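Biologist: Could you take me on a close look at one part of this protein, the charged cluster held together by salt bridges? I would like to see how that part sits within the whole chain.

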Amino acid sequence: MEEAVINYGVISLIPVLVVIICAVITKRSFESLLLGTIVGFLIVEKQNFIPAWLDSFYTVFKDDTVSWLGLFVVLFGALIALFERSGALAGFSIFISKFANSRRKSLLFTWFIAICMFTDDYLHNMAIGPTMKKVTDKYNVSRAKLAYLSNSTAAPLCIIVPLSTWAVFYSGLLADFNLTEGETPFESYLKVLPYLFYGFIALIISFLVANEILPNVWAMKKAEQHVAKQGVKDEVAQAIKTDDAVATHIEKEHRPTPIYNFLIPMFLLITVTIICDVNIIYGIIAALSSMFVLYLAQKIMTFAQFMETFFTGMQSMMYVIAMVLMTFILKDINLRLGLPDYIITIAQPYINASYLPVGVFIFCSIYAYVTGAFWDMAAVMMPILIPLAININADPYIIAAAIFSASALGSQLCLYGDGVILNSRACEISPVEHSMTSLPYCLLGGVIACVLFIIVG
């Protein structure tokens with residue numbers, strides 16, 4: 001598959017605008033992405049768009065990142081299904097309910113447990129919803145608020161914890177640009193850490209929301225009012241009507257089992273992930289293996305029931321995989337249209353030394369949201385912005401922090417980003433609702449981060 005050789009200028013924005021406008025109007029995510037990719041390939045290939053569009057499918061299927069993400073998603077789907085059918089989730093919910101015995105406490109426990117899931121944003125987004133939804137449902141907390149608390153402590157947390165997959169990846173980027181000379185990548189990342197303003201601010205804002213100090217505003221206010229009147233089940237039913245993310249989900253009620261049936265697999269998942277160079281696939285395999293031993297030994301399940309549930313959980317993730325595939329195809333057509341180069345070109349005249357950190361943060365946040373690229377965005381921007389910072393005597397560590405902060409903001413907000421898609425699936429709402437209800441809090445965090453980047457600049 002050939003890369004774009006033509007920069008289409010402002011036309012390159014059309015597919016992304018189609019996706020956003022269609023998603024807001026129809027509240028349907030997959031169809032919006034599908035239409036955006038079709039429009040993009042029509043612009044580039046015209047009458048030959050169908051073969052080119054299909055070729056992009058084949059190429060995306062072979063992409064290492066997509067393959068890894070697909071494996072993660074189906075394995076985690078099996079993990080959640082086994083937790084549900086075994087009664088482990090129900091047992092954990094009953095245990096937590098003893099302490100989270102009010103609406104505010106249920107929110108604060110959600111925030112606290114989310115903080116403990118610091119190794120990877122995918123693990124974070126897939127685990128918090130199923131773990132806490134029964135507890136928060138009891139107090140009529142909207143799934144939109146549950147999704148916000150989960151995702152606001154995902155990427156923002158991962159960029160400020162040096163033992164996360166995000167920190168490991170970004171440390172490698174720092175090493176690539178010789179910012180780690182005479183020190184380890186970990187030591188170099190610690191120099192960036194104090195300036196990761198958005199990560200710290202997002203955690204504080206989410207804590208204030210969990211403690212009900214910050215009020216419900218805009219779409220979040222509507223979601224909370226709807227649940228107060230109609231209940232959580234009605235909210236989930238509405239999500240099914242507007243998005244297929246929930247339609248494939250099958251939850252079976254089972255007798256609660258001891259809490260260790262939940263805690264042991266989760267402990268192994270996190271521990272093995274850290275031990276194995278922050279490789280979450282190994283962690284999931286360890287967790288699934290422990291579940292096999294625990295559940296069969298206690299006769300909670302037969303071998304046949306275990307395998308049936310395993311494959312049912314995998315199948316329940318087909319919609320998520322379809323969403324991820326369509327997102328990567330949208331990224332492909334954006335590259336062919338020259339969208340990243342166009343965004344960089346229009347931003348360059350506004351770059352100066354004094355306001356470089358805040359300019360980088362704003363620009364990279366827009367880039368991340370529009371392209372749906374987060375780690376990719378950092379990999380693209382570092383070769384451009386770090387040498388620029390060094391040439392104009394700006395602190396490269398602050399510039400790196402602005403880039404990494406922007407990636408966290410984009411991951412938390414982009415309605416077709418993998419974080420929002422996975423978290424929406426876990427909390428059983430549509431990606432559109434998740435993005436819209438999170439928007440005011442993300443913008444507040446972004447504005448405060450801008451002020452801090454202006455000060456350090």
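Modeller: Happy to: here is the whole chain in brief, then the charged cluster, and then a few other spots for context. Please keep in mind that this is a predicted model, in which local features need pLDDT of at least 70 and side-chain atom pairs count only at pLDDT 80 or more, while totals for chains, interfaces and linings use all residues. Residues are numbered from 1 along each chain as its sequence is written, and side-chain values use heavy atoms, with hydrogens and water left out.

Let us start with the whole. The protein chain has 24 helices and zero strands; helices (H or I, at least four residues) and strands (E, at least two) are DSSP runs, numbered from the N terminus. Its radius of gyration is 22 Å, close to the 23 Å that the globule rule gives for 457 residues, so the chain is as compact as a globular protein of that length. That radius is taken over C-alpha atoms, and the globule rule is 2.2 Å times the number of residues to the power 0.38. Along the principal axes, the C-alpha atoms fill a box of roughly 65 × 55 × 45 Å. Of the 457 residues, 57% are buried, where buried means under 20% relative accessible area, exposed over 50%, and partly exposed in between (1.4 Å probe, protein chains only). Among contacts between residues at least 6 apart in sequence, 80% join residues at least 24 apart; a contact means heavy atoms within 4.5 Å.

Now to your cluster. A salt bridge here is a side-chain nitrogen of Lys or Arg within 4 Å of a carboxyl oxygen of Asp or Glu, and by this rule the count comes to 10 salt bridges. Glu 84, Lys 133, Asp 137, Arg 143 and Glu 428 are linked in a network of such bridges.

Which residues does Glu 428 pair with? One partner is Lys 133, with the closest N and O atoms 3.9 Å apart. Lys 133 lies in helix α7 (residues 121-137) and Glu 428 in the loop between α23 (418-427) and α24, so this pair ties together parts that are 295 residues apart in sequence. Both Lys 133 and Glu 428 are buried.

Another partner of Glu 428 is Arg 143, and their side chains meet at 2.6 Å, N to O. Because Arg 143 lies in helix α8 (residues 143-151) and Glu 428 in the loop between α23 and α24, this bridge ties together parts that are 285 residues apart in sequence. Arg 143 counts as buried at 5% relative accessibility, and the relative accessible area of Glu 428 is 6%.

Helix α8 also holds Asn 151, which is buried with a relative accessible area of 2%. Leaving aside neighbours within four places in sequence, Asn 151 is in contact with a list of residues including Asn 125, Ser 411, Gly 419, Asn 423 and His 434.

For a contrast in sequence spacing, look at Arg 336 and Asp 332, whose closest N and O atoms are 3.6 Å apart in a salt bridge. Both lie in helix α18 (residues 318-337), four residues apart, about one turn of the helix. Arg 336 is buried at 8% relative accessibility, and Asp 332 is buried with a relative accessible area of 8%.

Back to α24, this time at Val 451, which has its place in that helix (residues 431-456). Val 451 is partly exposed, at 44% relative accessibility. Together, Val 447, Val 451, Ile 455 and Val 456 make a nonpolar surface patch of about 340 Å². Patches are made of residues with over 30% relative accessible area and no salt bridge, with like charges joined within 9 Å and nonpolar side chains (Val, Leu, Ile, Met, Phe, Trp, Tyr) within 5 Å. Accessible areas come from the Shrake-Rupley method with a 1.4 Å probe, and for residues only the protein chains shown count as cover.

One last point on cross-links: the structure holds zero disulfides, a disulfide being a pair of cysteine sulfur atoms within 2.5 Å. For Cys 22, the nearest cysteine sulfur, that of Cys 414, is 15 Å away. Cys 22 counts as buried, at 17% relative accessibility. For Cys 116, the nearest cysteine sulfur belongs to Cys 158, 13 Å away.
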